[in-house]
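Colleague: I'm new to this structure and would like a close look at a single part of it. Could you pick one spot, walk me through it, and then show me what surrounds it?

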Amino acid sequence: MTAAPRTGRSLRAGAGWASWRAVGLVAGALVMLFPLYWMVVTAFSDQGALTSGPLRFFPENPTLDGFRRAFTLLPFGQFFLNSTAIALVAMALSVTLNLLAGYVLAKYRFRGQQVVFIMIVSTLMIPVQVVMVPQFQLVAGLGWINSYWAVIIPRAAEAFGIFLCRQFMLGIPDEVLEAARLDGAGHLRIFWSVVLPMSRPLIAVLVILTFMYRWNEFAWPLIVLNDQQLFTVPIGLSFLQGEYGTDYPALMGMALLSTLPVLVVFALSQRQFVEGVARSGLR
């Protein structure tokens, strides 16, 4: 006789907690989306309206003058092409190398395997600024200064990507690989026909993280690129910030456009990204 009322109270309490949790999630989402919204408002606002008058959460007279000034001052079309080429080539190369290295460390047994893995992971503790000078000397010695390869090659294989691949591929059953070997498949055949199809969520994670990192990279391209025709979008954005004043509509307009490729890549791979993060043990 008392079970039903208690169950009803439990259901109402659970529903109330779910409602409050939904409210909290919505509030958190609004807080995180507000900078993007303010970027849009600033990009379509007039420079004079931003520097004078009260704060406005909507552009009073929406205009595209900020976009026009940005493309007039600097060749942002070329900057976007440079960033796209560098990000795509670096992403393809980095994802390939990380997958191969992770597969070897996860599924092959050789002397010193754990030592190699620990040495790779330990490089995550080294600040990027520490290796910039020797990296620059190496790139200069190869004659790659002021070229795409100077930006792409030095970070082609990432320790974090190798770690992520190894953790994911440890979950692939060894019996599946042994069955492929009994059928006469070689190492590359197993990797291409068995491991890669089972690693689609992992590949989505690597694609998103690598593309985002390469697209937003600023310090290293600024060091190794001298020709303006080779500059990337982040470098171009820095030139819109003047010493005595900043054209905020132009700056925010180009920043808004620079976020679109990352948003598109994430939207296309969102489901696989979440699954890959969960299965890789990444927290």
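Modeller: Let's begin with a bit of vocabulary: a residue counts as buried under 20% relative accessible area, as exposed over 50%, and as partly exposed in between. Keep in mind, too, that this is a predicted model. Now take Asn146: its relative accessible area is 28%, so Asn146 is partly exposed. You'll find Asn146 in the loop that links α6 (128-141) and α7 (148-152).

What does Asn146 touch, once residues up to four places away in sequence are set aside? The list is Val224, Leu225, Asn226, Asp227 and Leu230. Take Leu225 from that list: Asn146 and Leu225 are 79 residues apart along the chain, yet their C-alpha atoms are separated by 4.3 Å. That kind of pairing fits a wider pattern, since among the contacts in the protein chain with a separation of 6 or more, 76% come from residues 24 or more positions apart.

For a contrast, try Gln113, which belongs to helix α5 (residues 113-122). Its relative accessible area is 9%, so Gln113 is buried. Leaving out residues up to four places away in sequence, Gln113 touches Val104, Leu105, Ala106 and Tyr108.

Stepping back, the protein chain has 15 helices and 0 strands. Of its 283 residues, 35% are buried. The largest nonpolar core holds 56 residues, and Phe76, Leu99 and Met169 have the most contacts inside it. Helix α4 (residues 76-107) is the biggest giver here, putting 11 residues into this core. As for Phe76, beyond its neighbours within four places in sequence it is in contact with Ala70, Phe71, Val233, Gly236, Leu237, Leu240 and Met254.

One pair of helices deserves a look as well. Helix α9 (residues 174-182) and helix α10 (residues 187-198) have axes that come within 10 Å and cross at roughly 155°. That angle is why α9 counts as roughly antiparallel to α10. Their crossing is right-handed. On the α9 side the contact is made by Val176, Leu177, Ala180 and Arg181, while α10 brings Ile190, Val194, Val195 and Met198. Sorted by class, that contact has 7 nonpolar residues, no polar ones and 1 charged residue.

So, back to your spot: Asn146 sits in a loop, and its contacts include Asn226 and Asp227.

Note on methods
Residues are numbered from 1 along each chain as its sequence is written. This is a predicted model: local features need pLDDT of at least 70, side-chain atom pairs count only at pLDDT 80 or more; totals for chains, interfaces and linings use all residues. Side-chain values use heavy atoms; hydrogens and water are left out. Axes are lines fitted to C-alpha atoms, for helices over the stretch in contact, and angles run from 0 to 180 degrees between N-to-C directions. Helices (H or I, at least four residues) and strands (E, at least two) are DSSP runs, numbered from the N terminus. Angles under 35 degrees count as roughly parallel, over 145 as roughly antiparallel, 65 to 115 as roughly perpendicular and the rest as oblique. A crossing is left-handed if the near helix is turned anticlockwise from the far one by less than a right angle, and right-handed if clockwise. Contact means heavy atoms within 4.5 Å. Ala, Val, Leu, Ile, Met, Phe, Trp, Tyr, Cys and Pro count as nonpolar, Asp, Glu, Lys and Arg as charged, and the others, Gly among them, as polar. A nonpolar core is a set of buried Ala, Val, Leu, Ile, Met, Phe, Trp, Tyr and Cys residues joined through side-chain atoms within 4.5 Å. Buried means under 20% relative accessible area, exposed over 50%, partly exposed in between (1.4 Å probe, protein chains only).
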